[in-house]
Amino acid sequence: MTSDAQEEPLTPVAPQPAPARPKPLTSRERRRRRRKARHRGEEILGWILVPVILFGLFWGVNAVLEAMGTSPGVVWDQLMQVKAALEKRV
């Protein structure tokens with residue numbers, strides 16, 4: 001079995017050539033990447049701003065109703081009374 005082994009010296013391996021410089025992006029590819037980045041940014045901004053806006057609206061409605069001396073629950077109950085009265089008429 002040992003007679004089948006090759007005992008000659010190994011040949012040196014040529015070094016890998018340096019990677020070629022990548023080609024510059026075309027104007028369409030640059031525009032596509034900018035658009036993708038803008039959409040990603042808008043999505044992140046939306047996930048942050050929409051809850052802030054909704055909370056601000058909720059807080060604002062509560063503040064206005066509190067200044068008027070009432071609450072959302074009372075306003076809702078009054079609306080349901082109006083609805084019931086209108087249904088009786090029909």
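Is Arg35 buried, partly exposed or exposed? Arg35 is partly exposed, since its relative accessible area is 36%, and the limits for that class are 20% and 50%. I will come back to this residue. One caution before the rest: what you see above is a predicted model.

Overall shape, then. The protein chain contains two helices and zero strands. Its radius of gyration is 36 Å, while a compact globule of 90 residues would be near 12 Å. Along the principal axes, the C-alpha atoms fill a box of roughly 110 × 45 × 35 Å. Burial is next: 1% of the 90 residues count as buried. The accessible surface of the chain is about 9400 Å², and carbon and sulfur atoms account for 64% of that.

Now charge. The chain carries 15 positive and 9 negative side chains. The centres of these two sets are 18 Å apart.

Most of what follows concerns helix H1, which covers residues 27–67. Arg35 is in this helix. It belongs to a positive surface patch together with Arg28, Arg30, Arg31, Arg34 and Arg38. Why can Arg35 count towards a patch as far as exposure goes? Its relative accessible area is 36%, and a patch residue needs over 30%.

Arg32 and Arg33 are not on that list, so let me turn to them. How many salt bridges does the model have? The count is two. In one of them, Arg32 pairs with Glu29, with 2.8 Å between the closest N and O atoms. In the other, the side chains of Arg33 and Glu29 meet at 3.3 Å, N to O. Glu29 is a partner in each, and the three residues Glu29, Arg32 and Arg33 are linked in a network.

The spacing along the helix goes with this. Arg32 and Glu29 are three residues apart in helix H1, so about one helical turn separates them. Arg33 and Glu29 are four residues apart in the same helix, again about one turn. As for exposure, Arg32 is partly exposed with a relative accessible area of 48%. Glu29 is also partly exposed, at 23%.

Further along, there is a nonpolar surface patch of about 850 Å². Its members are Ile44, Leu45, Ile48, Leu49, Val50, Val52, Ile53, Leu54 and Leu57. Take Leu54 as an example: its place is in helix H1. Leu54 is classed as exposed because its relative accessible area is 53%, and the class begins over 50%.

To recap, helix H1 holds Arg35, a residue of the positive patch. The helix also holds Leu54, a residue of the nonpolar patch. The salt-bridge network is made of Glu29, Arg32 and Arg33. That is what I have for today.

Note on methods. Residues numbered from 1 in each chain as written. Predicted model: local features only at pLDDT ≥ 70, side-chain atom pairs only at ≥ 80, totals over all residues. Heavy atoms only, no water. Patch = residues over 30% accessible without salt bridge, like charges linked within 9 Å, V, L, I, M, F, W, Y side chains within 5 Å. Areas by Shrake-Rupley, 256 points an atom, 1.4 Å probe, with all protein chains shown as cover. Salt bridge = Lys/Arg side-chain N within 4 Å of Asp/Glu carboxyl O. Buried < 20%, exposed > 50% of the residue type's maximum accessible area, 1.4 Å probe, protein only. Lys, Arg positive; Asp, Glu negative; His and termini not counted. Charge placed at Lys NZ, Arg CZ, Asp CG, Glu CD. Rg over C-alpha atoms; globule rule 2.2 N^0.38 Å.
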